Amino acid sequence: MTHPPTRRTVLGAGAAALAVGCAGCSSYGDGNGSSSSSAAATSGQELGHASEVPVGGGKVFTAEKVVVTQPKKGEFKAFSAVCTHQGCTVNAVEDGLIQCPCHGSRFRIADASVAAGPAPKPLPPRRITVSGDTITLA
C-alpha cells in the first residue's frame, strides 16, 4: 500500500526543482553576455592603443568594463562601461554618444552625462593615462 505524498514533500520537491532550474539563470540586464559583478580592470592595466579611439567617438573595452572617448583631438576621457540603469555593459560609441543596448540609455562622450534615459545618472569616471599610443588605467 502506497501513501500519497505529504504537503511537506510536495513543497520541498517544488522548491528543489525551482532552485535547480534557476541555477543556470543569468542576472537581469545581461543580454550582451556581460555581468556587472565581473571584476573590472585594475590600476596599471593596459587597455589598448590611443589610435583605436577615434576623435569624436570612443571604444568600449568590454573585458575591462571601461569606455574611452576622445571628444577632441588628443583629449581622452574614460568612464565605467557599466550602465547606471540596470548594470548592462555599454556596447558602442556612435554619433558622439555612448550607447547601452539593453534599454536605450545614451551618454555624452565628453562627460558621460545622460543624453537619453532611462539611466538615472552619468557613467562614473575612470582615471587613465595616455603615454605615446598606450592607454593605461591610472
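This passage describes the confidence, the main sheet, the cysteines and the nonpolar cores of a predicted model.

The protein chain has an average pLDDT of 81, and 70% of the residues score at least 70. Confidence is not uniform along the chain, for pLDDT stays under 50 over residues 17-38, a stretch for which the model has 15 contacts beyond four places in sequence.

Three strands are arranged as an open sheet in the order 2-3-4, with antiparallel pairing. The edges of this sheet are formed by strand 2, which covers residues 57-61, and by strand 4, which covers residues 75-80, each of them pairing on one side only. On average, and with direction ignored, neighbouring strands of the sheet are turned by 20° against each other. In a regular strand, the side chains alternate between the two faces of the sheet.

Strand 2 and strand 3 run antiparallel and are joined by five bridges, and within this pair Phe61 stands opposite Val66 of strand 3. Four residues lie between the two strands of this hairpin, in which Lys65 adopts a positive phi near 60°. Strand 2 is mostly covered, since four of its five residues are buried. On the other side of the sheet order, strand 3, made up of residues 66-72, is joined to strand 4 by five bridges, and these two strands also run antiparallel. Val66, which faces Phe61 in strand 2, stands opposite Ser80 in strand 4.

A search of the whole structure finds one disulfide, and this disulfide joins Cys88 to Cys102 with an S to S distance of 2.1 Å. The two cysteines belong to distant parts of the chain, 14 residues apart: Cys88 is in the loop between strand 4 and strand 5 (92-94), whereas Cys102 is in the loop between strand 6 (97-99) and strand 7 (106-108). A disulfide is a covalent bond between the sulfur atoms of two cysteines. The torsion about the S-S bond of Cys88 and Cys102 is about -105°, and the disulfide is therefore left-handed. The two partners differ in exposure, as Cys88 has a relative accessible area of 1% and is buried, while Cys102 has a relative accessible area of 25% and is partly exposed.

Cys83 and Cys100 present another case, because the sulfur of Cys83 is 3.9 Å from the closest cysteine sulfur, that of Cys100, which is too far for a bond when the cut-off for a disulfide is 2.5 Å. Cys100 is accordingly in no disulfide, with the sulfur of Cys83 as its nearest cysteine sulfur. Cys83 is buried, at a relative accessible area of 4%, and Cys100 is likewise buried, also at 4%.

The largest nonpolar core contains 15 residues, of which Val67, Val90, Ile98, Phe107 and Leu123 touch the most other members. When residues up to four places away in sequence are not counted, Val90 touches Val60, Val67, Ala81, Ile98, Gln99, Cys100, Pro101 and Phe107. Among these contacts of Val90 are thus Val60 and Val67, which fall within the residue ranges of strand 2 and strand 3, together with Cys100, the cysteine that is in no disulfide. A second, separate core comprises 10 residues, including Leu47, Ala50, Val53 and Leu137.

Conventions
Residues numbered from 1 in each chain as written. Predicted model: local features only at pLDDT ≥ 70, side-chain atom pairs only at ≥ 80, totals over all residues. Heavy atoms only, no water. Pairing = 2+ DSSP bridges. Axes fitted to C-alpha atoms, helices over the stretch in contact; angles between N-to-C directions. Buried < 20%, exposed > 50% of the residue type's maximum accessible area, 1.4 Å probe, protein only. Core = buried A, V, L, I, M, F, W, Y, C linked by side-chain atoms within 4.5 Å. Contact = heavy atoms within 4.5 Å. pLDDT = per-residue confidence, 0-100.
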